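Work through the exercises below with the model open beside you. Try each task before you read its solution.

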Amino acid sequence: MSEPDGADDGWSTGEEAGFIEPVPMEDDPTELFAGDTGTLEVDVRRVLVRLLQRRFLLAEKNPAQWRTLLENQQIIESRLHDLFVRLVVDHDRGIAYKQQVRSGELDVPILLKDDPYNRAETLVLVHLRTVFQRERGTGETSARVDIEELEQTVLTYFDPDDHNLARGQREIRNAVQRLVTEGLLAEESAGRYRITPLVEVVLSTEKLTELNQWLREQNEVAP
């Protein structure tokens, strides 16, 4: 026979009995959306997505996400490794970024596409890296540049027969804007920028030397 409604079988239920009432699946706090089978907490998922979306995660600009990354580095690395992507965490500079795993012994599907810098962006990068290296060499803890200084220097590497100054300046300012977006530059006031340590990651000392040599050769050939 079925038990009538409200019948007391002598057993306590709920919290009084030391048990937690079962939570309906739709109210399960670990399920973030319908059909969610993920196991990561929402903050960890956001960090994972940001690492995939952006080139860098900066401790200075995103302190909360940086803490989440450090606290969950192993599981985040594991998820990236499943995609053949390597995580690099530079604790000294407070920078995290990803690298595409490439192997001559394993057929690796390429997830991360190369997004190379154009001419103006590369020239601006070389100047920023040179200034950053020079200032650090004198003991300065930070390095700054003005947009006018950048334009004056970078334009010397443009085609001398191209007299469209406005177009050159526009290219340089667009390059600066991309580097601001990527975190290599931080605008402190109108036209005044602080160079971040990211420039060392993007442009190593060896690559800087190689590019400077190439630019000197181009200038010698130009006349």
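**Exercise 1. Find how β4 and β6 pair, and build the sheet around them.**

Step 1. Strand β6 covers residues 192-195, and its pairing with β4 is antiparallel, over four bridges. Two strands pair if DSSP finds at least two bridges between them. Helices (H or I, at least four residues) and strands (E, at least two) are DSSP runs, numbered from the N terminus.

Step 2. Pick one bridge: A143 has I195 in β6 as its partner.

Step 3. Now take β5. It also pairs with β6 in the antiparallel sense, over four bridges. Here E187 has Y193 in β6 as its bridge partner.

Step 4. Look at the turn. β5 and β6 form a hairpin with two residues between them. G191 sits in that turn, with a positive phi of about 80°.

Step 5. Put the strands in order. The result is an open sheet of three strands, β4-β6-β5, with antiparallel pairing. β4 (143-146) and β5 (185-189) are the edge strands, since each pairs on one side only. From one strand to the next, the twist averages 35°. Axes for such angles are lines fitted to C-alpha atoms, for helices over the stretch in contact, and angles run from 0 to 180 degrees between N-to-C directions.

A note on the model: it is predicted, so local features need pLDDT of at least 70 and side-chain atom pairs count only at pLDDT 80 or more, while totals for chains, interfaces and linings use all residues. Residues are numbered from 1 along each chain as its sequence is written, and side-chain values use heavy atoms, with hydrogens and water left out.

**Exercise 2. State where F84 lies and what its phi is.**

Step 1. F84 lies in the loop between α3 (73-81) and β2 (85-90).

Step 2. Its phi is near 60°, a positive value in a residue other than glycine. Most residues other than glycine have a negative phi.

Step 3. F84 has 28% relative accessibility, so it counts as partly exposed. The cut-offs: buried means under 20% relative accessible area, exposed over 50%, partly exposed in between (1.4 Å probe, protein chains only).

**Exercise 3. Is L87 buried or exposed?**

Step 1. Locate L87 in strand β2.

Step 2. Its relative accessibility is 8%, so L87 counts as buried.

Step 3. Check I76. L87 and I76 are 11 residues apart in sequence and 8.4 Å apart in space, C-alpha to C-alpha.

Step 4. Turn to the whole chain: of its 223 residues, 33% count as buried.

**Exercise 4. Which domains line the largest pocket?**

Step 1. The largest pocket has a volume of about 900 Å³. On a 1 Å grid over the protein atoms alone, a pocket is an open set of points where a 1.4 Å probe fits, with protein on both sides within 12 Å along at least five of seven lines; lining residues have an atom within 4 Å of a point. Grid points are joined across faces, edges and corners, and a volume is the space filled by probe spheres set on the points.

Step 2. Of the 31 residues that line the largest pocket, R55, F56, K98, D115 and Y117 are the closest to its centre.

Step 3. β3 gives the largest share of the lining, four residues.

Step 4. Domain 1 (42-100) and domain 2 (119-221) both give residues to the lining, so the largest pocket lies between them. These bounds come from an automatic or database domain assignment.
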